[in-house]
Amino acid sequence: MASKVTRHWRPRSLLQLVLMAFMVVMLPIAVLMFQAGQALSELSELADVSARQAVDQTRRARTLTNLAVEMERSARQYAVLENPDLMKIYADKASAFRELLDEQARLLGEGDPRVSELKGSLSQLERMPEMSVAQVSSHLEDFGPFSIQASGLLNSTRELVDARIEGIRARASQVKTQLWWQTAALVSISLLLMLFFTWLIIRPIRQLERRINGLGSGTDREGPLIKGPAELVQLGERLDWLAARLDELEEQKQQFLRHMSHELKTPLASIREGTGLLIDEIAGPLSPHQMEILGLLDDSSKELQKLIEQLLDYNLLQHNQGLERSRFDVHEVFKEVLSKHRLALEKKGMRVHLPPASLSWEADRPRTGRILDNLISNAIAYGEDGGDLWLRARKERRQLVIEVANSGEPIAPKDRDHLFQPFYQGAVKRKGPLKGSGIGLSVAADSARAQFGQLALVEDAKADVCFRLTLPTPSRSPSSSQEGEQVLLGGDSAPHTT
């Protein structure tokens with residue numbers, strides 16, 4: 001169960017974690033947008049102010065140039081007409097020029113040489129209203145340099161405007177570079193935050209996935225503590241409960257099988273012992289008909305014992321996946337398994353065809369023998385009376401290929417998808433007094449899978465039913481066991497159970 005500390009820091013829910021992730025990831029982007037807006041506002045305001053100032057200053061400089069021309073015109077007219085009103089107009093123009101020049105001087109600065117020269121010239125021209133007509137006429141030549149100086153002031157104003165425009169461009173370039181760096185930094189932070197929150201969300205999901213895989217494979221009953229949103233932690237706790245429940249059910253199954261094997265074998269042993277005593281006529285002579293009945297009872301008791309052993313082998317195989325590799329002769333294993341079924345073969349009148357030469361291979365001999373035992377028993381039970389049983393073995397593509405084939409009724413197509421399912425009974429009925437358990441081929445398939453091999457039903461030119469066992473080379477690593485499990489039921493498989 002999660003500790004109190006773990007519950008304190010984790011998000012209360014997955015929705016809360018996702019919303020918090022969105023908010024935190026969007027925060028650097030929001031900061032970036034705010035800073036970009038501030039920078040654009042600053043540049044826009046600076047450009048607007050500079051544009052208005054440039055227009056005003058340029059217009060003022062042009063007005064000064066025009067006033068210089070009008071002052072010269074008024075002075076020349078006065079020198080010719082000697083009209084006092086013309087000199088009054090001249091004085092007004094000079095006064096307006098002085099005001100505009102002072103405003104322009106604040107812009108350009110008092111230290112500008114053109115402003116200083118223009119002010120000096122203006123001071124001399126401002127004394128003209130006090131002069132006589134002759135003196136005015138003698139100073140008319142002073143207006144030429146004065147007009148040139150006024151035009152120079154216009155040029156200075158234009159240069160100032162150009163300098164301000166360049167300053168705005170430099171500031172815009174600086175802001176652009178700054179925004180690029182801020183964008184790179186803040187977007188990188190957002191990406192890192194996205195990765196962090198993705199990890200926070202994916203980590204408990206992967207822990208749950210590993211936990212479920214462990215439960216499915218039976219290799220990891222005690223999984224790690226799930227840390228994350230409350231929903232996923234609660235799901236992890238439910239998986240812990242499920243694991244405990246599965247362990248309890250597994251223990252109950254094991255206990256049931258142990259008790260069943262004991263409870264069934266004890267009376268079965270008594271039945272077989274009593275049947276043996278009667279067959280040996282210890283209790284007295286028997287008639288042929290009685291001997292026939294006892295023979296059936298003895299065969300049935302042997303069949304029942306075999307079914308019990310198959311069931312126990314199936315359970316043992318499910319919990320013992322260790323391999324005991326050794327080198328053996330496949331031909332000898334054939335003979336050993338056939339010896340167990342000698343009487344049944346003689347009773348069925350089946351002809352056995354063995355491979356002509358021996359073949360040495362390294363594998364798990366007990367599991368391989370269990371596979372052959374189930375396949376041969378299956379062929380005898382479902383094979384044709386007086387038919388054929390073929391046992392083949394060969395090396396093919398660095399693999400051992402063993403085939404057990406028999407003549408008889410073929411497998412029904414509708415049963416093919418359920419071939420290796422435990423306890424499945426096919427459409428073809430087993431020949432004999434007892435019905436099969438339906439786990440013979442399941443045990444054989446699991447034994448093949450434990451050796452990273454494949455068991456399948458294939459088509460054969462001679463036989464009506466042919467099972468093919470493929471075992472890989474001993475150098476095949478256990479890491480490929482999953483691949484073996486995936487292809488185990490592949491191929492032309494079809495059900496034919498004992």
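**Exercise 1. In which loop is Arg398 found?**

Solution. This is a predicted model.
- Step 1. Place the residue. Arg398 sits in the loop between S4 and S5.
- Step 2. Place Arg397. The loop between S4 and S5 holds Arg397 too.
- Step 3. Read the backbone. Phi is positive at Arg397, about 55°, although this residue is not a glycine. Arg398 also has a positive phi, about 60°, and is not a glycine either.
- Step 4. Set this against the general pattern. Most residues other than glycine have a negative phi.
- Step 5. Check accessibility. The cut-off for exposed is over 50% relative accessible area. Arg397 has 77%, so Arg397 is exposed. Arg398 has 63%, so Arg398 is exposed.

**Exercise 2. Follow helix H2 from end to end and say where its kink lies.**

Solution.
- Step 1. Set the limits. H2 covers residues 14-81, which is 68 residues.
- Step 2. Compare spans. From first C-alpha to last, H2 reaches 98 Å. At 1.5 Å a residue, 100 Å is expected, and the computed span is close to that.
- Step 3. Find the kink. H2 bends by about 35° at Leu27. The proline Pro28 follows shortly after that kink.
- Step 4. Look just past the end. Glu82 comes just after H2 and takes a positive phi of about 55°.

**Exercise 3. Describe the largest nonpolar core and name the elements that build it.**

Solution.
- Step 1. Start with the contacts. The largest nonpolar core has 35 residues. Ile376, Leu389 and Leu455 touch the most other members.
- Step 2. List the helices. H9 (330-340), H11 (365-382) and H12 (440-450) each give two or more residues to this core.
- Step 3. List the strands. S3 (360-364), S4 (388-395), S5 (400-406), S6 (454-457) and S7 (465-471) also give two or more each.
- Step 4. Find the main contributor. H11 supplies the largest share, six residues.
- Step 5. Look for another core. A second, separate core has 28 residues, among them Met71, Ala75, Ala79 and Ala105.
- Step 6. Recall the general tendency. In soluble globular proteins, nonpolar side chains tend to be buried together.

**Exercise 4. Classify how H11 packs against H9 and against H12.**

Solution.
- Step 1. Take H9 and H11. Their axes lie 10 Å apart, at an angle of about 50°.
- Step 2. Classify that pair. This angle makes H9 oblique to H11. The crossing is right-handed.
- Step 3. Take H11 and H12. Their axes come within 9 Å and cross at roughly 150°.
- Step 4. Classify this pair. Angles over 145 degrees count as roughly antiparallel, so H11 is roughly antiparallel to H12. The crossing of H11 and H12 is left-handed.

**Exercise 5. Are Leu345 and Gln149 buried or exposed, and which residue lies 35 places along the chain from each, with a C-alpha separation given?**

Solution.
- Step 1. Place Leu345. This residue belongs to helix H10 (residues 342-348).
- Step 2. Apply the cut-off. Buried means under 20% relative accessible area. Leu345 has 8%, so Leu345 is buried.
- Step 3. Find its partner. Ile380 is 35 residues away along the chain, yet the C-alpha atoms of Leu345 and Ile380 are separated by 6.9 Å.
- Step 4. Place Gln149. Helix H6 (residues 143-217) contains Gln149.
- Step 5. Apply the cut-off again. Gln149 has 19%, so Gln149 counts as buried.
- Step 6. Find its partner. Arg114 is 35 residues from Gln149 along the chain, and their C-alpha atoms are separated by 6.8 Å.

Key
Residues numbered from 1 in each chain as written. Predicted model: local features only at pLDDT ≥ 70, side-chain atom pairs only at ≥ 80, totals over all residues. Heavy atoms only, no water. Helix = DSSP H or I, 4+ residues; strand = E, 2+ residues; numbered from the N terminus. Expected span 1.5 Å × (residues − 1). Bend = angle between axes of the 7 residues up to and from the residue. Core = buried A, V, L, I, M, F, W, Y, C linked by side-chain atoms within 4.5 Å. Buried < 20%, exposed > 50% of the residue type's maximum accessible area, 1.4 Å probe, protein only. Axes fitted to C-alpha atoms, helices over the stretch in contact; angles between N-to-C directions. Parallel < 35°, antiparallel > 145°, perpendicular 65-115°, else oblique. Left-handed = near helix turned anticlockwise from the far one by under 90°.
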